[in-house]
Amino acid sequence: MADFLAGKVIVVTGAGRGIGRAVALGCAAEGASVVVNDYGVSVDGSAPSSEVAEAVAQEIRDAGGQAVPCPDSVTTLAGGQRIVQTALDTYGRVDGVVCVAGILRERMLFNMAEDEWDPVIETHLKGTFTLFRAASAVMRKAGGGALIGFTSGNHAGSVSQANYSAAKGGIVSLVHSAALGLGKYGITANAVAPVARTRMSANVPFDMAEMGEPEDVAPLVAYLLSEAARDVTGQIYTVAGRRIAVWNQPQEIRSMYGEEPWTAESIAKRLPEAVGVETMPMIAKLAAYAKATEERKTQEEGPRS
């Protein structure tokens, strides 16, 4: 056991599998006492089971660490409160929460049903809020703590995951808001956008240039939870294998002013040159992917006689 998080109590949601499990094990290995939260559902959010949370908690204890399972849902304020209360009842404090819990229900936007939209937003975005809400109230009185949300590169847009992208974008804004509002209480808020092989990434329709493992994510999370990152807040970090990167902060880039009130016609004349557009990186990536797919198809078919 290491001691980078010695004495800290950390809550990890979605900790029964994949990245959440790796984070829970990693925090415990660094000396933290861990609340292992997982509702134990399948990728689409169905068939809950308490077994996965209990199994990871036992794995931590077998390795000499401290852990308690909490198979509760993150999707209600009451559930978020119970998860945090588990930390308080068991260990007497909570120093950090890591919100990894999430589900997928993929569909093109024009075909997406309400029961494919709501549960994804509820689990990812609301599930981050419920933990942030419960934990920050305790951390404010204690004089500090760390909140970590999990986003994705898809917060910048996705072809067939409008629900997932909207939730992940919302988490980014929630993290920024938490960083602004809670800094004076000694509470940090950051987001991690991992690129790793998990149940959810298995359905990505194209190969990623860099793809790590869930275990690659845990050290960054441990750092953000530690005293070494007391001044790090409002950031989005990507970790993919051995690569760690920081995302830019949203801000205005170019502007234009009019001597008279704007009309649609005057905007059409000036905006293209004066302000222009910012190209979506994913549009270029999708175009490159489509081109590569077409070239591969042509090579497989061979020359036509």
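A nonpolar core is a set of buried Ala, Val, Leu, Ile, Met, Phe, Trp, Tyr and Cys residues joined through side-chain atoms within 4.5 Å. With that idea in hand, here are some close-up views of this predicted model.

**Figure 1. The whole chain sets the scene for the close-ups, with 8 helices and 8 strands.** Of its 305 residues, 43% count as buried. Contacts often reach across the sequence: among those between residues at least 6 apart, 68% join residues at least 24 apart.

**Figure 2. The largest nonpolar core brings together 34 residues.** Within this group, V98 and F150 touch the most other members. Helices and strands both contribute: β1 (9–13), α1 (18–29), β2 (33–37), α2 (51–62), β5 (145–150), α6 (214–225) and β7 (236–240) each provide at least two residues of the core. Helix α6 gives the largest share, with 6 residues. As general background, nonpolar side chains in soluble globular proteins tend to be buried together.

**Figure 3. A closer look at F150 shows its partners from elsewhere in the sequence.** Which residues is F150 in contact with, once its neighbours within four places in sequence are left aside? They are I19, V23, V98, C99, V100, K168, I171, V192, P194, V217 and V221. V98, on this list of contacts, is also the residue named with F150 as touching the most other members of the largest core.

**Figure 4. A second, separate core holds 30 residues.** Good places to start looking are V35, V84, L147 and V175, which are included in this core.

**Figure 5. The second largest pocket has a volume of about 230 Å³.** Of the 19 residues that line this pocket, K8, D95, G144, G145 and R230 are the closest to its centre. Helix α4 (114–142), strand β5 and helix α6 each supply at least two residues of the lining. How many of the lining residues are nonpolar, polar and charged? The lining divides into 7 nonpolar, 7 polar and 5 charged residues.

**Figure 6. K8, E227 and R230 are linked in a network of salt bridges.** In one part of the network, the side chains of E227 and R230 meet at 3.6 Å, N to O. E227 is partly exposed, at 48% relative accessibility, and R230 is also partly exposed, at 41%. Two members of the network may look familiar: K8 and R230 are among the residues closest to the centre of the second largest pocket.

**Figure 7. E59 and R21 form a salt bridge between two helices.** Their side chains meet at 2.8 Å, N to O. E59 sits in helix α2 and R21 in helix α1, so this pair, 38 residues apart, links distant parts of the chain. Is E59 buried or partly exposed? With a relative accessible area of 30%, E59 is partly exposed, and R21, with 26%, is partly exposed as well.

**Figure 8. D72 and R82 pair up between a loop and a helix.** The closest N and O atoms of this salt bridge are 2.6 Å apart. D72 lies in the loop between β3 (66–70) and α3 (77–91), while R82 belongs to helix α3, so the pair ties together parts that are 10 residues apart in sequence. D72 counts as buried because its relative accessibility is 15%, under the 20% cut-off. R82, in contrast, is partly exposed, with a relative accessible area of 43%. The structure holds 8 salt bridges, with this pair among them.

Notes:
Residues are numbered from 1 along each chain as its sequence is written. This is a predicted model: local features need pLDDT of at least 70, side-chain atom pairs count only at pLDDT 80 or more; totals for chains, interfaces and linings use all residues. Side-chain values use heavy atoms; hydrogens and water are left out. Buried means under 20% relative accessible area, exposed over 50%, partly exposed in between (1.4 Å probe, protein chains only). Helices (H or I, at least four residues) and strands (E, at least two) are DSSP runs, numbered from the N terminus. Contact means heavy atoms within 4.5 Å. On a 1 Å grid over the protein atoms alone, a cavity is a set of points where a 1.4 Å probe fits but cannot get out, and a pocket is an open set with protein on both sides within 12 Å along at least five of seven lines; lining residues have an atom within 4 Å of a point. Grid points are joined across faces, edges and corners, and a volume is the space filled by probe spheres set on the points. Ala, Val, Leu, Ile, Met, Phe, Trp, Tyr, Cys and Pro count as nonpolar, Asp, Glu, Lys and Arg as charged, and the others, Gly among them, as polar. A salt bridge is a side-chain nitrogen of Lys or Arg within 4 Å of a carboxyl oxygen of Asp or Glu.
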